[in-house]
Amino acid sequence: MKRVTGIGGIYFRARDPAALCDWYRTHLGIDVQSWGGTAFRWADADGRPAHGTTAWSIGAVPDDPAEAARPAFTINYRVDDLAALLQALRAEGCDVQDRTDDSEFGKFGWVVDPEGNTVELWQPPAGQ
């Protein structure tokens, strides 16, 4: 079974998302769209387009203190078979969170690494 096949997305929060998006656009040349992010298209070693993208997005820090206390960054790892991977991680003694999420955006699950970082795992919808 393949485990992680790539980075699905990098998401982070800012006190002033519009200003931070502008900084990344101006200084790093990232094509930040009006929704606050971009999608980096994958390519193979020869630069030919490959199937998949990595999302990059900046959102606002929530007003709710409990939500604001969550980590500022989330890295979302792309996987082929979320259910099988979560089962394997449980069998290996990993701290897999009980909840999963299934939406039009795909299936999501979470595991906590030995340093206490929550790792998000994402199985994209069929055909993506």
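Student: Which residue is the bridge partner of Gly9 in β4?

Tutor: The model is a predicted one, and in it Gly9 is paired with Asn76 of β4. That pair belongs to a longer ladder: strand β1, residues 4-14, and strand β4, residues 73-79, run antiparallel and are joined by 7 bridges.

Student: What is the order of the strands in the open sheet?

Tutor: The sheet has 7 strands in the order β2-β3-β1-β4-β7-β6-β5, and the pairing is mixed. The strands β2 (37-43) and β5 (95-103) are at the edges; each has a single partner strand, so one side of each is left without a neighbour in the sheet. From one strand to the next, the twist averages 25 degrees.

Student: In which sense do β4 and β7 pair, parallel or antiparallel?

Tutor: β4 and β7 pair in the parallel sense, over 3 bridges. Within this pairing, Tyr77 has Leu121 of β7 as its bridge partner.

Student: How many bridges join β6 to β7?

Tutor: There are 6 bridges between strand β6 (residues 106-112) and β7, and these two strands run antiparallel. Val112 stands opposite Thr118 of β7. The two strands form a hairpin with 5 residues between them, and Gly116 in the turn has a positive phi of about 90 degrees.

Student: Why is β7 described as largely enclosed by the rest of the structure?

Tutor: Burial is judged residue by residue, with under 20% relative accessible area counting as buried. In β7, 5 of the 6 residues are buried, so this strand is largely enclosed by the rest of the structure.

Student: Which residues make up the largest nonpolar core?

Tutor: The general idea comes before the case. In soluble globular proteins, nonpolar side chains tend to be buried together. Here the largest nonpolar core has 9 residues, namely Val79, Leu82, Leu85, Leu86, Leu89, Val96, Val111, Val119 and Leu121. Two elements, α3 (82-91) and β7 (118-123), give two or more residues to this core. The most comes from α3, with 4 residues. Apart from this core lies another, of 8 residues, including Ala14, Cys21, Ile30 and Ile58.

Student: With which residues is Leu121 in contact, leaving aside its neighbours within four places in sequence?

Tutor: Leu121 is in contact with Tyr77, Val79, Leu82, Leu85, Leu86, Leu89, Lys107, Phe108, Gly109 and Val111. Tyr77 in this list is also paired with Leu121 through a bridge.

Student: Where does Ile58 lie, and is Ile58 buried or exposed?

Tutor: Ile58 lies in strand β3. With a relative accessible area of 6%, Ile58 is buried. Not counting residues up to four places away in sequence, Ile58 touches Phe12, Ala14, Pro17, Leu20, Cys21, Tyr24 and Gly36. A separation along the chain can also be set beside a separation in space: Ile58 and Ile10 are 48 residues apart in sequence and 8.7 Å apart, C-alpha to C-alpha.

Student: Which strands does helix α1 lie across?

Tutor: Helix α1, residues 17-28, lies across β1 and β3 (49-60), and runs at about 140 degrees to β3.

Student: How many disulfides does a search of the whole structure find?

Tutor: The search finds 0 disulfides. Two cysteines may still be described by their accessibility. Cys21 counts as buried at 7% relative accessibility, whereas Cys94, at 33%, counts as partly exposed.

Note on methods
Residues numbered from 1 in each chain as written. Predicted model: local features only at pLDDT ≥ 70, side-chain atom pairs only at ≥ 80, totals over all residues. Heavy atoms only, no water. Pairing = 2+ DSSP bridges. Axes fitted to C-alpha atoms, helices over the stretch in contact; angles between N-to-C directions. Contact = heavy atoms within 4.5 Å. Disulfide = S-S within 2.5 Å. Buried < 20%, exposed > 50% of the residue type's maximum accessible area, 1.4 Å probe, protein only. Core = buried A, V, L, I, M, F, W, Y, C linked by side-chain atoms within 4.5 Å.
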